[in-house]
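Good morning, everyone, and thank you for making time for this. I would like to walk you through one structure slowly, so please keep the picture in view while I talk.

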Amino acid sequence: MEADVRKPYCPPGGEAEKARIIPAEPSESAQAQADKGGPAPPHFDGFKRATQLIGEYKEYASYYMATKMDGIKSSARNIGIYAGLGIAGLMAFSALITTAVALFLIGAAMGLAHIFDPPKYWLGALIVGLAVLVLIGVGAAVGLSKANAGFRKATVDKYEQRKRWQRGQFGRDVEQAAAAKEKE
């Protein structure tokens, strides 16, 4: 996109604006006309000053908005940079943990293989791999059962609290209202 050279940027109060400002005092020729009985030139000091202030404040508002937009762009750029660094760090840390676990399991498998007389590496790897899978399965089952029990308890507590509130507000709860309806 090319710059518009016909209208260069000219802040209020700049040289280009000074060149187009009409002087506040009437010129000698206008004064001479007034002395001769001709019409007096209009005096627009207040209007001229108001238009100058509007232009000035417009520039200040534009400047303020430009700085705010640049601040937002800078913040977004920083968020992107830090997100990328965080992802790269997470990948490096994951690779480190994976390598450590793999080395530990290989060492355990080799150590177990040396128990047998000639060392049977395949059997050591098989036993360690099976043990790890069993531990993962048991851990997942225990974790899920505890999580589900906690969720169920929270749900039961929430509805018990609502029934207590109902008894306090209406003198009975939803179960008591249903039982009374069935007796009718």
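What we have here is a predicted model, and I will begin with its aromatic pairs, of which the structure holds two. In one of them, the ring centres of Tyr57 and Tyr60 are 6.3 Å apart and the ring planes stand at 50°, and because planes over 60 degrees apart would count as edge-to-face and those under 30 as stacked, this pair is called tilted. If you follow the chain, you will find Tyr57 and Tyr60 in helix α3, which covers residues 45–113, and because the two tyrosines are three residues apart there, about one helical turn separates them. Tyr60 has a relative accessibility of 47%, so it counts as partly exposed, given that exposed would require over 50%.

The other pair is formed by Trp165 and Phe170, whose rings lie 5.8 Å from centre to centre with 90° between their planes, an edge-to-face arrangement. Are these two residues, Trp165 and Phe170, buried or exposed? Both of them are exposed.

Let us turn now to the surface, where Phe93, Leu96, Ile97 and Val101 make a nonpolar patch of about 390 Å². Of these residues, Phe93 can be placed in helix α3.

Finally, please look for Lys120, which sits in the loop between α3 and α4, the latter being residues 121–170. With a relative accessible area of 32%, Lys120 is partly exposed. Its C-alpha atom is separated by 8.5 Å from that of Met110, a residue ten positions away along the chain.

How values were computed
Residues numbered from 1 in each chain as written. Predicted model: local features only at pLDDT ≥ 70, side-chain atom pairs only at ≥ 80, totals over all residues. Heavy atoms only, no water. Phe/Tyr/Trp six-rings, centres within 6.5 Å; stacked < 30°, edge-to-face > 60°. Helix = DSSP H or I, 4+ residues; strand = E, 2+ residues; numbered from the N terminus. Buried < 20%, exposed > 50% of the residue type's maximum accessible area, 1.4 Å probe, protein only. Patch = residues over 30% accessible without salt bridge, like charges linked within 9 Å, V, L, I, M, F, W, Y side chains within 5 Å. Areas by Shrake-Rupley, 256 points an atom, 1.4 Å probe, with all protein chains shown as cover. Salt bridge = Lys/Arg side-chain N within 4 Å of Asp/Glu carboxyl O.
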